[in-house]
Amino acid sequence: MTTIRYVESSKLPTPWGMFEMHGFEEVETGKEHVVLTMGDAATDEPLLARIHSECLTGDALFSLRCDCGAQLQHALHRIAIEGRGAVFYLRQEGRGIGLLNKIRAYHLQDCGADTVEANEQLGFGADMRDYSILKAMLEHLQVKSIRLMTNNPRKVKALEDLGIEVTERLPHQTGRNPHNVKYLSTKKGKLGHLFEDDEEQE
């Protein structure tokens, strides 16, 4: 299991309110991750949480090829309304293949491949993300159980396999647009994401 250490915390004002930003570092690789919290994470009440893998194109560059940026903003908004929660922002770009390989995968998608086919053509698995680092983060924040905002049952299973109690899975559907219809369809058909009605998102 990856060793991760806590570095420091600071305030982070956002359009949705004031969050606390907690920095963590993987000891072996130096890779950096952050958790944004609002309210007291350490109470006995299950914590509203989103596990969000970094997506530079969607989160920062406003790409419509995915729904990541919309999901991140929606999670921050939901936490602000509730007044308590956390976003675990993991640096696992492109489902774990990295930014430059993600651009290579995008090129293959431009030529007709779906997201899973593109990853596999580059020699990667459909989803290379590792959630084991979450255990140390949750322990540091003294989080006892979570209510997880996700449509991805693999995230729920990954947490439960780590011994983390997920009391509820909350559908997190937002960001559908004409550019990501195939992307969302692949999530549902090949990666097992759970979508309600016609809104097909992670």
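These notebook entries record what I looked up in a predicted model.

**Entry: E93**

I began with E93 and located this residue in helix α3, which spans residues 93–96. Is E93 buried or exposed? I found a relative accessible area of 7%. I therefore entered E93 as buried, because the relative accessible area of 7% falls under the 20% cut-off.

I then asked which backbone atom the side chain of E93 reaches. The partner is the backbone nitrogen of L56, at 2.9 Å. Setting aside neighbours within four places in sequence, I listed the contacts of E93. They are E54, C55, L56 and T57, together with G98, L99 and K102. I noted that L56 thus appears both in this contact list and as the partner of the E93 side chain.

**Entry: L72**

I next turned to L72, which I placed in helix α2, residues 68–82. I recorded its relative accessibility as 14%. L72 counts as buried, because 14% is under the limit of 20%.

What does L72 contact once neighbours within four places in sequence are left aside? I found H52, D59, V87 and Y89. I also looked up the separation of L72 from I51, a residue 21 positions away along the chain. Their C-alpha atoms are 9.3 Å apart.

**Entry: aromatic rings**

Finally, I searched for aromatic features. How many aromatic pairs does the structure hold? I found one. I also examined R65 and noted that its charged end sits over the ring of Y106. The distance to the centre of that ring is 4.1 Å.

Methods. Residues are numbered from 1 along each chain as its sequence is written. This is a predicted model: local features need pLDDT of at least 70, side-chain atom pairs count only at pLDDT 80 or more; totals for chains, interfaces and linings use all residues. Side-chain values use heavy atoms; hydrogens and water are left out. Rings of Phe, Tyr and Trp (its six-membered ring) pair if their centres lie within 6.5 Å; planes under 30 degrees apart count as stacked, over 60 as edge-to-face and the rest as tilted. A charge sits over a ring if NZ of Lys or CZ of Arg is within 6 Å of the ring centre and within 35 degrees of the ring normal. Helices (H or I, at least four residues) and strands (E, at least two) are DSSP runs, numbered from the N terminus. Buried means under 20% relative accessible area, exposed over 50%, partly exposed in between (1.4 Å probe, protein chains only). A polar contact is a pair of N or O atoms within 3.5 Å; within protein, one must be able to donate a hydrogen and the other to accept it, and residues adjacent in sequence count only if both atoms are side-chain atoms. Contact means heavy atoms within 4.5 Å.
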